[in-house]
Amino acid sequence: MGPTCEVKLLLLMSSLCCSTNQAVMTVSPGSSQFFRGTSVSFSCKDDHSSAGWTLRRNTSKDTRAECNDWGRQADSSCVIDAVVSRDSGVYWCESREGGASNNVNVTVTDGLVILQSPFLPVAAGENITLLCKTKTPPCNLSADFYKDGAFVRKSPTCEMTIHYVSKSDEGAYKCNIGDLGESPPAWIRVTGTATTTSLPSPSVTFIIASIAGLVFLVVLALLVRRCVRRPPEECDPADDSLEPDGTLERERAAATRTDDVRYGQIMIRPFNSREHPPEKEVIYSSLRFDQ
């Protein structure tokens with residue numbers, strides 16, 4: 001590959017890298033639900049700058065409308081000084097090349113309760129806190145939280161924390177505060193999978209133990225088979241010092257024969273005729289065995 005081809009390859013890689021660069025839509029305050037009259041700011045940023053991205057929205061009245069049609073430009077952001085119900089819709093960033101950022105579903109309510117939740121997708125394994133807010137803070141009442149219409153829990157602090165979120169935590173959440181009413185639903189999105197370190201399951205442990213036991217039995221059987229086929233002296237570790245000429249074996253045999261010997265002593269005493277008249281010729285002897 002010549003220098004020209006290398007240069008072309010580098011340029012192609014650079015263009016691919018730049019074309020895949022994606023902006024992130026951010027909202028301030030950090031929520032997707034707002035009370036009527038709240039000032040809301042939207043911005044698009046990528047790894048380099050916010051230049052080259054256009055803010056757009058789809059609402060019940062607008063389609064792909066730019067910032068100049070519904071807000072005012074402030075540096076790299078688009079600001080709506082006082083949002084109203086018709087500002088509810090989908091907001092995103094779009095590049096000149098046609099690339100798009102994440103979407104943010106904005107809800108503006110005339111009610112008294114909103115649910116403040118993450119408006120961007122949440123990575124699996126993180127902790128998130130949902131805050132039930134009233135139009136006249138602070139929230140001094142208990143709040144009921146719901147997921148997909150099912151009751152989850154009651155909180156005396158108007159907050160609910162979800163620890164180590166996973167895909168199963170995705171869904172539409174809302175809260176309710178007594179006579180004040182309930183918030184609009186807010187969708188929670190979870191990306192990726194949590195990486196956790198877990199112990200092997202009992203079935204896996206049993207399989208591993210079974211394999212280890214089988215290997216041990218096979219090795220033991222091979223050793224026994226080898227020992228049976230070899231001469232006895234090769235299997236007895238006590239015979240490792242046996243000389244080729246059988247010297248050690250003869251010494252052991254000699255020691256064994258020596259241990260079996262018993263010693264005896266015979267004493268012949270003369271007969272005294274003066275003390276005892278002889279009745280007939282008798283020979284006395286005594287035997288003594290030494291162990």
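The exchange below concerns the disulfides and one buried asparagine of a predicted model.

Colleague: What kind of model is this, and how are its values derived?

Modeller: This is a predicted model, in which local features need pLDDT of at least 70 and side-chain atom pairs count only at pLDDT 80 or more, while totals for chains, interfaces and linings use all residues. Residues are numbered from 1 along each chain as its sequence is written, and side-chain values use heavy atoms, with hydrogens and water left out.

Colleague: What makes C44 and C93 a disulfide?

Modeller: Their sulfur atoms are 1.4 Å apart, and a disulfide is a pair of cysteine sulfur atoms within 2.5 Å, so the pair qualifies by this rule. The two residues are 49 apart, with C44 in strand 3 (residues 40–45) and C93 in strand 8, strands being DSSP runs of E of at least two residues, numbered from the N terminus.

Colleague: Why is the disulfide of C44 and C93 called left-handed?

Modeller: The torsion about its S-S bond is about -90°, so the disulfide is left-handed. The link of C132 and C175, with 80° about the S-S bond, is right-handed.

Colleague: Why is N102 called buried?

Modeller: Its relative accessible area is 16%, and buried means under 20%, with exposed over 50% and partly exposed in between (1.4 Å probe, protein chains only), so N102 is buried.

Colleague: Which residues does N102 touch?

Modeller: Leaving aside residues up to four places away in sequence, N102 touches Q22, A23, V24, M25, Y91, W92 and L120, where contact means heavy atoms within 4.5 Å.

Conventions
Helix = DSSP H or I, 4+ residues; strand = E, 2+ residues; numbered from the N terminus.
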